[in-house]
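Let's take a walk through this fold, one piece at a time. Pull up the model and follow along.

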Amino acid sequence: MRVLGIETSCDDTGAAIYDTEKGLVVHRLASQIDLHAQYGGVVPELAARDHIRTLLPLVDSLINDPANAGAKVDGVAWTKGPGLAGALLVGASVGSSLAAAWNVPGVGVHHMEGHLLAPMLEDNPPPFPFVALLVSGGHTLLVDVEDEGRYQILGLSVDDAAGEAFDKTAKLLGLGYPGGPAIAKAAMQGDPDRFHFPRPMVNRPGLDFSFSGLKTFVRTTAADLALDAQTIADISRAFEDAVVDTLAIKCTRALKQVGRSCLVIAGGVGANQRLRARLREDTEAMGGTVYYPRPEFCTDNGAMIAYAGAVRLRLASSHLFNIDQGFEVIPRWSIEEIEPAA
Ligand code: KG4
Ligand code: ZN
């Protein structure tokens, strides 16, 4: 089965074709970074308009790509939520229209399920069950994954998401948008011993996160200093170390709590090299194994939606798109609310 996947939940227009026999056929991404950079963050209305301009030509280019060789698409999947309402509506209306026009099944998928299943696109996919750390611009979640579609949230951020903390801290330091890659780059030149930032909530039991206090700590530290390049690098390093340390402590705790040995890292912040290295080290020290998607599939992309769509279509869920009922998007949607596997 060949599934076309469409991602438009935020500021990336992604599309891909996944074949359940042959694997990923072709994928493409049109990033809106330049469009939003001048505003220091995503402007929802501009994002939606850019998806409208970009999506159909992107889908067209995939269908006609030599890798697809004109093969028929057997199903269409799009991100139904969570995300920006206007942006989601573009992908949902295009996806459901294509499914109707081609007379193939269509399904709206959960964006975080896409992130969570993204490591399945790699040559050495994780075996179920596992614990997943989902760290993106909008979410920080620890999820116990028993099987496809069986997700239980173990912990989540009570305020800012990890990616949001990177973005806000970068803005404060004048590093631009998106903040994660900018902080990681600056941190490479930073002195790890000049500043020490708090590790929020690690001394309390439980698996929840909080990052807004850390951001405030950075603001107070920066307010008393001249922000030359070295100071920016040193603050970036201390900030990155604090986030990485906090996430690592909670991941180890989660693996022990649910008795799993396999950890999956996904979502945009999962592209962070220092985080990847640290989680590998800690998990292997416990005798476990860590899995993550290639960095380009950590951040938003169409391939993960095509894959998650293929899973959902195989489960033949009652939630398949039905032209008589129209389509909907769900801008706020917990991963625990999605339908379990049959
Ligand atoms: O998953 P994603 O592409 O979009 C959402 O669904 O939110 O995640 C984007 C987030 C942004 O906050 C960005 O700053 C962060 O991921 N990010 C990183 C890195 N690359 C992207 N954070 C830390 N280090 C990185 N290398
Ligand atoms: Zn995402």
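Start with β6 and strand β7 (residues 140-147), which pair in the antiparallel sense over six bridges. Keep in mind as you look around that this is a predicted model. The two strands make a hairpin, with four residues between them. If you want a spot to anchor your eye, find valine 135, whose bridge partner in β7 is threonine 140.

Now look at the other pairing of β6. Strand β9 (residues 262-266) pairs with β6 in the parallel sense, over four bridges. Here alanine 132 of the pairing stands opposite valine 264 in β9.

How many residues of strand β6 (residues 130-135) are buried? Six of the six are, so the strand is largely enclosed by the rest of the structure. In a regular strand, side chains alternate between the two faces of the sheet. In β6 both faces are covered: Phe130, Ala132 and Leu134 are buried on one side, and Val131, Leu133 and Val135 are buried on the other.

Next, hop over to the start of the chain. Strand β1 (residues 2-7) is mostly covered too, with six of its six residues buried. Arg2, Leu4 and Ile6 point one way, while Val3, Gly5 and Glu7 point the other way, and all of them are buried. β1 is joined by six bridges to strand β2 (residues 12-19), and the two run antiparallel. They form a hairpin with four residues between them, and glutamate 7 stands opposite glycine 14 in β2. β1 also runs parallel to β4, with four bridges joining the two; in that pairing, valine 3 has glycine 75 as its bridge partner in β4.

β4 is a good lead into the second largest pocket. β4 (75-81) and β5 (106-110) each supply at least two residues of its lining. The pocket holds about 230 Å³ of space and is lined by 13 residues. Which of them lie nearest its centre? Those are Lys80, His319, Leu320, Phe321 and Gly326. By character, the lining divides into five nonpolar, six polar and two charged residues.

On to the metal. The zinc ion (ligand 2) is coordinated by His111 (NE2), His115 (NE2) and Asp300 (OD), at 2.0 to 2.1 Å. Along the chain, its donors follow the spacing H-x3-H-x184-D. Histidine 111 lies in helix α4 (residues 111-117) and aspartate 300 in the loop between β10 (289-291) and α10 (302-314), so this pair ties together parts that are 189 residues apart in sequence. Both histidine 111 and aspartate 300 are buried.

Stay in that loop between β10 and α10 for a moment, since phenylalanine 297 has its place there as well. Is phenylalanine 297 buried or exposed? At 1% relative accessibility, it counts as buried. Phenylalanine 297 also takes you back to β6: phenylalanine 297 and alanine 132 are 165 residues apart in sequence and 15 Å apart in space, C-alpha to C-alpha.

That leaves the charged side chains. Side chains of opposite charge can pair when their charged atoms come close. The structure holds 20 salt bridges, and a few are worth a look. In one of them, the side chains of arginine 294 and glutamate 122 meet at 2.9 Å, N to O. Arginine 294 lies in the loop between β10 and α10 and glutamate 122 in the loop between α4 and β6, so the pair ties together parts that are 172 residues apart in sequence. At 30% relative accessibility, arginine 294 counts as partly exposed.

Arginine 194 and aspartate 234 meet in another salt bridge, at 2.8 Å, N to O. Arginine 194 lies in the loop between α6 (179-187) and α7 (212-223) and aspartate 234 in helix α8 (residues 229-258), so here the parts tied together are 40 residues apart in sequence. Arginine 194 counts as partly exposed at 37% relative accessibility, whereas aspartate 234, at 2%, counts as buried.

Finally, check lysine 168 and aspartate 160, whose side chains meet in a salt bridge at 3.4 Å, N to O. Lysine 168 is partly exposed at 32% relative accessibility, while aspartate 160 is buried at 8%. Both belong to a network of salt bridges that links Asp160, Glu164, Lys168 and Lys215.

Methods:
Residues numbered from 1 in each chain as written. Chains lettered and ligands numbered in written order. Predicted model: local features only at pLDDT ≥ 70, side-chain atom pairs only at ≥ 80, totals over all residues. Heavy atoms only, no water. Donors = N, O, S within 2.8 Å, 3.2 Å for Na, K, Ca; no water. Buried < 20%, exposed > 50% of the residue type's maximum accessible area, 1.4 Å probe, protein only. 1 Å grid on protein atoms, 1.4 Å probe; cavity = no way out; pocket = protein on both sides within 12 Å on 5 of 7 lines; lining within 4 Å. Points joined across faces, edges and corners; volume = space filled by probe spheres on them. Nonpolar A, V, L, I, M, F, W, Y, C, P; charged D, E, K, R; others polar. Pairing = 2+ DSSP bridges. Salt bridge = Lys/Arg side-chain N within 4 Å of Asp/Glu carboxyl O.
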